[in-house]
Structure formats: structure tokens, C-alpha cells
Amino acid sequence: MAFPGQPAPGGGFYQGGYGGAPGGPAFPGQAQDPLYGYFAAVAGQDGHIDADELQRCLTQSGIAGAYKPFNLETCRLMISMLDRDMSGTLGFEEFKELWAVVSGWKQHFMSFDRDGSGSVDRQELETALVNMGFRLSPQAVTAITRRFSTHGKITFDDYVACCVKLRALTECFRRRDAAQQGVVNFQYDDVSELVRNQ
Amino acid sequence: APGAPPPGAYPGAYPGAPYGGGPYGQPGPYGGPQPGPYGGGAPGGNAPPGVDPEAFSWFQAVDTDHSGYISVKELKQALVNSNWSTFNDETCMLMINMFDKTRSGRIDVYGFSALLRFIQQWRSLFQQYDRDQSGSISFNELQQAFTQMGYNLSPQFSQLLLARYGQRSSNPSIQLDRFIQICMQLQSTTDAFREKDTGLVGNVRLSYEDFLTMVVTRMM
């Protein structure tokens, strides 16, 4: 079965699947990569960035465009999405992946935020989720909207946090569904993995 | 140990079921934050029936917009960790959801009063596990806490939580708010599994949609 997160017709956003090894060797031309400039400006000696530094980095890069910069909790979530070595930080390769994913989500969000107000309503969020391939019960959509809205509206920041969480949960499920049947057996001991992805 | 499960059953007895005490000792006399220099307000005169007067006066102080309800934002301002940081949004949201009977995203004075007892129980547990009394819980202390609560969790899991929620240091540790968040999420997931595992076989079979629904409605 196809999992959500695949590009909608017309594409426009990152479909998931991690490319590149985290923390791999520097590639030729890395110093010329414009993203590297933003990254290096905040990363310390260890070449990694934590949630605070990510927040600064993303704000300075202007990836949010006209939207408000990301709050710290969302940055923390974004790190946990890509933090394969469980260090609580991102290296440059992981940062680049994050950038690509978030850019895709931003394109998608903008297509729903037609009046450019910076937030969408519940209906629009529901449509956005359907377009990303999620088939959720009304109960689940209500829960998601409540969890990720600010005064009844969903801002770009809220939307990114929502996408990160859904993506993490999907990956958690997909890892166990080797046969791609859309059904998985969870053991009690898997509880820690679920908590890790919440 | 309290709540020690029979083999094959679900562990994780924990204090603070909504509106009640738990297996880790009875809620004692209200021992929350210290009353201010002016005392706890009118002695029981204005408190609704069944609500501790100190809890009531604290409720009024926290309900800054005087709506008669406390929101996540108001709650956040009222709760501090041992390092004086305010409780994080996630923990406040989880707690509000737990005591919010109307699913409106905020709690009334009864819910708040129960929430204070809940926090006090968790604070006591936290202090117990914080063996070196540093005000935060580090790796060994967290491992021990999980074991004593009846969970069988890997060291990698504790390590990940500390990396994610602790300060960046060689010995990261977590504050009370994150400790509460983690324990609530563990318990909530356990409960969700238990609910689905009607045959008590120790595993549940879920479709992708059921899985997402289970997680988003209970735990987020």
C-alpha cells in the first residue's frame, strides 16, 4: 500500500524517504552551498545544531517567508524527526534534508492559504491532509485540529508540527510493515517507540 | 513494589488517575505551592463546595482573564520547575486534556483542583527518584524510575529522552515537567494497548488508520 506523504498530483512537496547518510563526510563544494552559510553561522565547533540554534538558523534563512518564524517546540520536533543518532542535534546533511522537507510543506500550505493570512481553518487542514494521502477518521481529524491549532486556526508553524508528527508515526508504522499490508502487530514493548514518536 | 504486575500483564501503575489518588500513597493535606504572604484568601468562604480554599484562591490567581476557566497558556504561567523555567506547552496541554471533561481545551475549578493534587503526587515521586536531590533527573535516576514503575525500557530510550529534553551536557537531566509528560505518554500508550488487547495476549494488531487514530486521539 502507498503511505501518505507521497506527492499529490502536481507534486510540489517532498515525498519522504531519507537520502544521504547523516553526518557523512563533507562534500566538495559544501562551503559554497548557500544553506551551509546559514548553518555554519549558528553551529558551534562540533558542527551540530540544537533546537535553539535551529530556530535561529531557520529564522535567519527566512524559510518561513512571510509566515512567522518557528517556535522552539516545533524546532525540537523537527530535530527529533531527523535525529537518527539520537543526539538531540542535527548535522549539516540532516539540516539540508530538513530544509527540503519543510520547503515542500510550505509550498503545500501556501496553496491552501489562499488569502495569505498565515493560517488555515479546519476544513482546509482536512483537505490538505487528504491531499497528502492521509485517510483519517473524523474523530482523528478533530483531535489533530484541536492539538495543532492556535485559537481555532492552524498557522504554518502548527502545520509543520502536525506534518512532523504524522510523518514520524507513519515511519514508525511503516518500519514494521515489511510486507506492506497496512496492518501491523504491536508488542507491548513497542510502547517506547510510540512515545519516542509523539 | 506497588502495582507489580503478574507475568505477562501490563505494568505501569502510576499515581494520579483523574480526580483520585493512586497507588503511590494517598494525597496528603494540600501541599502545593506556598500560600502568599496574604494567606490563601477568604477562609473557605468563597470556595465552591468540595474545593480546597487554597486551591480555589490559587485558581483565581491563575485565571488571569477571569473567565472561570484556566487555559493552557494560563496554566503554563503558573507552574514552574526547580530551575524556575515554566512548564512546557506539551505537558500543560496533556494535563489540561486529562482534566478537561468538556473537551473545550480548558479546565474549571474542579478540574484545576484535581490537577493540583495530580501534580503534587508527581512531584513527590520525582523527588523520590531524584536521589541526589539535584532538582532534575539524570540517566541512572530515570532508568531506576522506569524500572520501579514496572516498565521494561531500553537504556537507549532513556538516552534519547535526555538528549531531546535535557540540556546539552555530558550528563543531561530532565525537569519535573518533562518527567510528567513522559510518564503520562507511557501510561496513555499502555492504556491504549490494553484497551485494544481484549484477549490479553500482549500484542495488538492495528491497521494504519486505526493506529493513527489511536495515537492522535489519546496522546497528542
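Which helix holds both A:Glu73 and A:Arg76, and how many residues apart do they lie? Here are some friendly notes on that and a few other features; please keep in mind that this is a predicted model.

1. To take the opening question straight away: A:Glu73 and A:Arg76 both belong to helix 3 of chain A, which runs over residues 72-82. They lie 3 residues apart, about one turn of the helix. Their side chains meet in a salt bridge, with N to O at 3.7 Å.

2. A:Glu73 is worth a second look, since its side chain also meets that of B:Arg178 in a salt bridge, at 3.2 Å from N to O. As a general reminder, side chains of opposite charge can pair when their charged atoms come close. Between chain B and chain A the count is 3 salt bridges, and over all chains it comes to 12.

3. Now for the wider interface. Chain B and chain A bury about 4100 Å² between them, and 60% of that area is on carbon and sulfur atoms. The contact takes 46 residues from chain A and 39 residues from chain B. Across this interface, 11 residue pairs are in polar contact, counting pairs with both residues at pLDDT 80 or more.

4. Which elements of chain B supply at least two residues each to the side that touches chain A? They are helix 3 (89-99), helix 6 (155-165), helix 7 (176-196), strand 5 (203-207) and helix 8 (208-219). Helix 8 of chain B gives the largest share, with 10 residues. Sorted by class, this side of chain B has 21 nonpolar, 11 polar and 7 charged residues.

5. You may also like to look at the second largest pocket, which holds about 390 Å³ of space. Its lining is made up of 20 residues, and those nearest the centre are B:Val80, B:Asn81, B:Ser82, B:Arg123 and B:Leu176.

6. What gives the most to the lining of that second largest pocket? It is helix 4 of chain B (residues 109-129), which contributes 6 residues. By class, the lining of the second largest pocket divides into 10 nonpolar, 8 polar and 2 charged residues.

Note on methods
Residues are numbered from 1 along each chain as its sequence is written. Chains are lettered from A and ligands numbered from 1 in the order in which they are written. This is a predicted model: local features need pLDDT of at least 70, side-chain atom pairs count only at pLDDT 80 or more; totals for chains, interfaces and linings use all residues. Side-chain values use heavy atoms; hydrogens and water are left out. On a 1 Å grid over the protein atoms alone, a cavity is a set of points where a 1.4 Å probe fits but cannot get out, and a pocket is an open set with protein on both sides within 12 Å along at least five of seven lines; lining residues have an atom within 4 Å of a point. Grid points are joined across faces, edges and corners, and a volume is the space filled by probe spheres set on the points. Helices (H or I, at least four residues) and strands (E, at least two) are DSSP runs, numbered from the N terminus. Ala, Val, Leu, Ile, Met, Phe, Trp, Tyr, Cys and Pro count as nonpolar, Asp, Glu, Lys and Arg as charged, and the others, Gly among them, as polar. Contact means heavy atoms within 4.5 Å. Buried area is the accessible area (1.4 Å probe) that two parts lose on being put together, summed over both. A salt bridge is a side-chain nitrogen of Lys or Arg within 4 Å of a carboxyl oxygen of Asp or Glu. A polar contact is a pair of N or O atoms within 3.5 Å; within protein, one must be able to donate a hydrogen and the other to accept it, and residues adjacent in sequence count only if both atoms are side-chain atoms.
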